[in-house]
Amino acid sequence: MQDTALPEKLSKYSQYIRKVPPAVAGSLTRVVGLTLEARGVKAPVGSQCQIETLNGFIDAEVVGFNGDILYLMPNDAISGVLPGARVIPQVKEAGLPVGMALLGRVVDGLGRPIDGLGAIKSEKKLKFAQNAINPLARRAISEPMDVGVRAINAVVTVGQGQRMGLFAGSGVGKSVLLGMMTRGSAADVIVVGLVGERGREVKEFIEEILGDEGRRRSVVVAAPADASPLMRLKGCETAVTIAEYFRDQGLNVLLLLDSVTRYAMAQREIALAVGEPPATKGYPPSVFAKLPALVERAGNGGEGQGSITAFFTVLSEGDDMQDPIADAARAILDGHIVLSRELADSGHYPAIDIEKSISRVMPQVVSEAHMQQARVLKQVYSLYQQNKDLITLGAYQKGADPILDKSISMMPSVNGFLQQTMKEVIPYDEALQGLARLLGQA
């Protein structure tokens, strides 16, 4: 009787036992560029392996396979690798440490601290790729989000839980605008991902643009341009995972990811290295599959959860707004803010081109009066821009078009309204009052 009862008791607990494949070490057979090829190892895609070198073991991630050949990509720079080196799969899954202790810290693409302030006391560890939220379980976007920038608050109003694109070429004030939003935002927590940027810019952003006040409620994930493609890819995913953790705690999060273009380039490097065929402008199909998967993780949570209001910067190479990544991002985001090089060159900061910028959820989060005022301001601005060459050359005669005359007389005030200094914070209500005064409707 006792002999039959024991197996029955044990069978109840068998469902809780996780099956782990045996850690059988293989050997390194080929190194081409950043791709490592190994034989004799069985490990799933996305798992970590350790590779023996003359300088000790290095970590690498499995990014693909072909028959019995495993393709790996190192997390960091490699040196001292020998033919036939041991490749050992890691049975224990790597997790991302998360918790309130992350606030004020700077971490790399794997969540390891790089600010010299010691280890992070994490409350728990999360997988890098979280499960997607059921779209029907998300709360609707119904409240405006104060970002402290007058041009955005008044004309391109952002909703709490919205995913916006920030489209710009190089050197037109992207990073400064992100810093302005971190200081002026009404969010509880700010997560900043600096991916693929110059290493010098990372320190400048943290010390000068973010400042002590902004840093206290921020987490910065840094994977500069000299980091491996895998670290740049993980950097974006880590920033989103951290933002998801704080959202699940019921907090409202502002996620600033600079930039999605570097994320796409990192995936392109990895995909081409393992043999995926290129498609549009050298970007393989996996890039266009990963972009919406990353973007859709932001947004409002379900009941009892907070929100992630996200700004994804897109680097428009040569100011080309029809770049494949820019085009793909524009299609999956809830609006876009375009920074103009022409405005930046003329000293107009932030260089937001309100004529080309739009917020798709603005009608849902603002009053009808605010919507009408923003529409009028856009019409005044657009009409002047369309006739700018005629006005500059003196070919337009005053009185020919009363509406254009009004636009010309208003433009100095409009330009002054849309400009703002780097350290200045304009609250949402103040921006609305300024818009009403500008249009004479106060």
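Which backbone nitrogen lies 3.0 Å from a polar atom of the side chain of Asp 115? In this predicted model, the backbone nitrogen in question belongs to Val 106. The points below take up the surroundings of Asp 115, which sits in the loop between strand E8 and strand E9, and then turn to the packing of helix H11 against helix H14, whose axes come within 10 Å.

**Asp 115 and its surroundings**

- The loop that holds Asp 115 runs between strand E8, formed by residues 106–107, and strand E9, formed by residues 124–126.
- Because its relative accessibility is 18%, and buried means under 20%, Asp 115 counts as buried.
- Besides its approach to the backbone nitrogen of Val 106 at 3.0 Å, the side chain of Asp 115 reaches the backbone nitrogen of Leu 117 at 3.3 Å.
- When residues up to four places away in sequence are left aside, Asp 115 touches Gly 104, Arg 105, Val 106 and Arg 215.

**Helix H11 against helix H14**

- Helix H11, spanning residues 368–386, and helix H14, spanning residues 428–438, have axes that come within 10 Å and cross at roughly 60°, which makes H11 oblique to H14.
- The crossing in which H11 passes H14 is left-handed.
- On the H11 side the contact is made by His 370, Gln 373, Ala 374 and Leu 377, while H14 contributes Tyr 428, Leu 432, Leu 435, Ala 436 and Leu 438.
- By character, the residues of the contact of H11 with H14 divide into 7 nonpolar and 2 polar, with no charged residue among them.

Methods: Residues numbered from 1 in each chain as written. Predicted model: local features only at pLDDT ≥ 70, side-chain atom pairs only at ≥ 80, totals over all residues. Heavy atoms only, no water. Helix = DSSP H or I, 4+ residues; strand = E, 2+ residues; numbered from the N terminus. Buried < 20%, exposed > 50% of the residue type's maximum accessible area, 1.4 Å probe, protein only. Polar contact = N/O pair within 3.5 Å; in protein donor to acceptor, adjacent residues only side chain to side chain. Contact = heavy atoms within 4.5 Å. Axes fitted to C-alpha atoms, helices over the stretch in contact; angles between N-to-C directions. Parallel < 35°, antiparallel > 145°, perpendicular 65-115°, else oblique. Left-handed = near helix turned anticlockwise from the far one by under 90°. Nonpolar A, V, L, I, M, F, W, Y, C, P; charged D, E, K, R; others polar.
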